[in-house]
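Let's take a friendly walk through this model, starting with its sheet and ending with its cysteines.

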Amino acid sequence: MPKILIGVSSSFCAHFLKGQVSFFVQKGFDVVIVSGPGEEISMLAKAEQAKLITIPFTKKITPFKDLVQLIRIVRILRREDPDIINAGNPKSGFLIMLAAWLIQRKNRVFTLHGLLSDTKKGAARTIITLTEKISCGVAHKVIVVSPSLKEHAEKRKIIKPGKGIVIGKGSCNGIDTDVFSRNETVFNKAALLKKEWGIKEDELVIGFIGRLSKDKGIDILIHSFNKLQVEYPFLKLLIAGPLLEEHGLDDTVIGDLTGKKNIVYLGKMAVVTPVYAAIDIFVLPSLREGFGNVLIEAASMELPVIAPDIPGCRDALKHGINGILFERGNAESLTSLIEKLILDRPLCKASGHNGRLFVADNFSGDTIWNGLLDLYNSLSEKKI
């Protein structure tokens, strides 16, 4: 029975693997997950019948801890002896790829979810760029989660032309449109939650779901909302997701996030479909993305979406059809586009309808999983 070892950095990444693990188990593979510890990844491994090995990966550069973890990963690879290794995310992916290369394990696959170095400066940018190049360089194949990210990574010489592949139209795991759908059950849950959160029926909700950090542009979104709320007092801003330890946000932003009556901060949510159902306009203001999974989740829930014109988002959003792209980091442009949707409800409805069709046609989980299966089979046949 062939064995796949999948590496991710944190428990939060469990949603990158949902359904995929059980797909490969059903195809006759043993699946081992190496991840940072946490409830989400533990529940996924148990539900989808994978073996879980946890390592407390750090996001920061910690030479001694990183060396200890590298040695531990080498031991894991020797003990588990996987036929395929697929690792992504900056820190965990780098360490797993490096460990696999050092002991010359076959069939090394790196999944490029984005370029962390894009938003770094000085020495940090140089070091992180080097780790990205090494991760891609020692892999036999690089799965890139969107066509525009592949083009961008090749332009920056992170990956060599011809080495990176995009499965289907992009994304790391696709989406289950039956789960992310507008139905009576989810809207009933949303109605109860809105009452609990203090959101009235006549209020219009702008929403964001994801990790909270400066890279995600939360400060830009809050700036735009504060400006719009003066003109449109019926607005609410709904934000769900963990506040990262290394968030980089200033005290004013944190104060607004947790202390303003028209901003509802939910923290990390285990189930997000009722949150999407409570939102009227979805905004992803990121400074960098590899794809933007929340964009296709929101679109599948028939929400109009706004996102920056950057690699990844260009593929997850069809500009002018189911949403709008704005200039990265431009709070004034974002404010103007949100206002446009506030004032044009028919446009919002049309964008939501188009988004559902766009996602259903292009981003099914089965497409990604079968593409991965084809890749793994081709690598095994070559016996690298």
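How many bridges join strand β4 to strand β5, and do the two run parallel or antiparallel? In this predicted model, strand β4 (residues 84-88) and strand β5 (residues 108-112) are joined by four bridges and run parallel. Within this pair, Gly88 has Thr111 of β5 standing opposite.

Zooming out, β4 and β5 belong to an open sheet of seven strands with parallel pairing, and the order across the sheet is β3-β2-β1-β4-β5-β6-β7. The edges are taken by β3 (51-54) and β7 (164-165); each has a single partner strand, so one side of each is left without a neighbour in the sheet. Helix α2 (residues 39-47) packs on this sheet, where α2 touches β2 (30-35) and β3. The direction of α2 makes about 175° with that of β2.

Now for the cysteines. The structure holds zero disulfides. Two cysteines are set side by side here:

| Cysteine | Closest cysteine sulfur | Distance | Relative accessible area |
|---|---|---|---|
| Cys172 | Cys13 | 8.6 Å | 12% |
| Cys348 | Cys313 | 19 Å | 4% |

Why is there no bond between Cys348 and Cys313? Their sulfurs are 19 Å apart, which is too far for a bond; the cut-off for a disulfide is a pair of cysteine sulfur atoms within 2.5 Å. Cys172 is likewise in no disulfide, with the sulfur of Cys13 lying 8.6 Å away. As for exposure, Cys172 is buried at a relative accessible area of 12%, and Cys348 is buried too, at 4%.

Key:
Residues are numbered from 1 along each chain as its sequence is written. This is a predicted model: local features need pLDDT of at least 70, side-chain atom pairs count only at pLDDT 80 or more; totals for chains, interfaces and linings use all residues. Side-chain values use heavy atoms; hydrogens and water are left out. Buried means under 20% relative accessible area, exposed over 50%, partly exposed in between (1.4 Å probe, protein chains only). Two strands pair if DSSP finds at least two bridges between them. Contact means heavy atoms within 4.5 Å. Axes are lines fitted to C-alpha atoms, for helices over the stretch in contact, and angles run from 0 to 180 degrees between N-to-C directions.
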